[in-house]
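I have a new structure open on my desk today, and I am jotting down what I look up as I go. Come along and read over my shoulder.

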Amino acid sequence: MAEKRYAMVLDLRRCIGCHACHVACKSENEVPLGVFRTHVRYYERGEYPDTRRYFLPNLCNHCKHPACVRVCPTGASWKREDGIVLVDYDKCIGCKYCMAACPYGVRFIHPEKQVADKCSFCVHRVDAGIVPSCVNTCIGRARIFGDMNDPKSEVAKLIAANPVTVLKPEKGTYPSVFYIGKSVKEVE
Amino acid sequence: MNLPLLGNGLERPWEILVVIDLFLGGLGVGAFLAAVCASAYSKEYKTISKIGAIIAPLAVIGGLISLLAELNQPFRFYTTYFRLNATSVLSWGVWIQTIFIIIALLYAILWIMDSNESTRKALGYIGSIFAFAIAVYHGLFLTTASTRDLWESALIPVIFLVSAITTGLAAVLLIASFLSKSSGVKEGISKASKHLAAFIGLELFLVLLNAIVLLNASVGARDAMRMLVVGDFSFMFWIGIIIIGLLIPFVIELFGLYLIQDGGVGTTMIIPVVVSVLVLVGGFLLRYLIVTAGQTTPLL
């Protein structure tokens, strides 16, 4: 029986940029104003009149080889056996090395707790057997969550059946968030 | 137009306090190495050694205070001594810096009391290993974060090492210039100036080499270095660091050395003072630029 590896698939063909995931996450995790555990970025491609706008939801990638865990001096940034990367608020000293090391900019300093924080894949929900809040609320069903090592799960099937990409693969972090329909380079 | 793609809330987690820590830390270990070398050369350079020995722990402690001010949970700082992570350079650095401060303080005290020469020498040599390690660690912890393209260069730790030596020497020379009436100081300044010129030249070479290497490396590295060479940070890079911080002091130092010939420094200490100030400013700007521009990388 293979170990669990929780992953998320983001089907960008379905994302309409409604930000419901963004709001649900804020509400579920009581994320303070000014910082985000997940949000949606916008891209425009082409020159007028042939332009299109695309949406890219972003969250912690819960990497297989996370840079944040590697550099944390106290071990406050740690990875569970099932792949979820978490922050131990009691150990964090706020050195922000993890924030500088994360290639995706998904970490922030919690304004009230004054420690590092980020998306936790709604670990409190996952441990109770339900999907993260953003996945639950996505009206386009663009977010799919599950154990990618379980061949019967929806994420595993999507990853097997579609060309998926990840963000910044050259950094060697092996993210667990996969995108369908993302072009190779978003930026000019 | 694409919306800004930088991070989340705090786009650059490390700001001026980290730069001050790196600057003072580098200066301190450089001053220590200068002190040890000066005393290894000759007893004549006693005052130079004493100045370096006293600057070293004070500067490194100053750097640590700046680091503590930067932490969001400074009262948990002591936990880093026992919660270790072998893959985190920062984790190693805390122990190495603490041990160095203890050695540097003892070294300074022995210099002030002018006693126990053999113990002092031993402390000097052991401390030098730690000083070297700290200077390299300043660059290495940036490089091993390895997800910011500007820092992904093997030359970064070397640049920090050489910059520590030049800023340390410059600080020692700056203070020594005001004490030039004491015996042996003029000769010491003259000798140290020759070394400083060499290290400034080396630093200039390394910074330019690093720029050339990154401009021909991966796409991310190229984009990052372009920010320094032609982009938003180009004024600070070319004017602040290359010209003011390295080229001008290098030229002045060579010209000054040519005027000085052997030994006699003349009646003016203007040259060491000017050169030292320029080198210190350049050293600070170099660290500021590397830390700040390095964090300005697109995140997608």
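Here are my notes, from the overall form of one chain down to single residues.

**Entry 1: getting my bearings.** I remind myself that this is a predicted model. I began with chain A and counted up its secondary structure: six helices and 10 strands. I then looked up its extent, and the C-alpha trace spans about 50 × 40 × 35 Å along its principal axes.

**Entry 2: is chain A compact or extended?** I checked the radius of gyration, which is 16 Å for chain A; a compact globule of 188 residues would come near 16 Å, so the two agree. I also looked at contacts with a separation of 6 or more, and 57% of those in chain A join residues 24 or more positions apart.

**Entry 3: inside and outside.** I found that 58% of the 188 residues of chain A count as buried. The accessible surface of this chain comes to about 8700 Å², and carbon and sulfur atoms make up 54% of that. I tallied charges too: chain A carries 28 positive and 20 negative side chains, with the centres of the two sets 2 Å apart.

**Entry 4: the cores.** I kept a background note in mind: in soluble globular proteins, nonpolar side chains tend to be buried together. Here the largest nonpolar core has 99 residues, and those with the most contacts inside it are A:Tyr97, B:Trp14, B:Phe141 and B:Leu228. Helix α5 of chain B (residues 155-177) gives the largest share of this core, 15 residues. I followed B:Leu228 outward, leaving aside neighbours within four places in sequence, and its contacts include B:Leu150, B:Phe237, B:Trp238 and B:Leu289. A second, separate core has 30 residues, among them A:Leu12, A:Val40, A:Tyr43 and A:Phe145.

**Entry 5: two histidines.** I found A:His22 in helix α1 (residues 20-29) of chain A. Its relative accessibility is 13%, under the 20% cut-off, so A:His22 counts as buried. Beyond its neighbours within four places in sequence, A:His22 is in contact with A:Phe36, A:Thr38, A:His39 and A:Val40. A:His19 sits in the loop between β1 (6-11) and α1, and has a positive phi of about 70° although it is not a glycine.

**Entry 6: backbone curiosities.** Which residues does a cis peptide bond join? I found A:Tyr48 and A:Pro49, with omega about 5°. A:Pro49 belongs to the loop between β2 (38-45) and β3 (52-59) of chain A. I also noted A:Cys122, another non-glycine with a positive phi, about 45°. A:Cys122 lies in the loop between β7 (116-117) and α4 (123-126), and is buried, with a relative accessible area of 6%.

Note on methods
Residues numbered from 1 in each chain as written. Chains lettered and ligands numbered in written order. Predicted model: local features only at pLDDT ≥ 70, side-chain atom pairs only at ≥ 80, totals over all residues. Heavy atoms only, no water. Helix = DSSP H or I, 4+ residues; strand = E, 2+ residues; numbered from the N terminus. Rg over C-alpha atoms; globule rule 2.2 N^0.38 Å. Buried < 20%, exposed > 50% of the residue type's maximum accessible area, 1.4 Å probe, protein only. Contact = heavy atoms within 4.5 Å. Areas by Shrake-Rupley, 256 points an atom, 1.4 Å probe, with all protein chains shown as cover. Lys, Arg positive; Asp, Glu negative; His and termini not counted. Charge placed at Lys NZ, Arg CZ, Asp CG, Glu CD. Core = buried A, V, L, I, M, F, W, Y, C linked by side-chain atoms within 4.5 Å.
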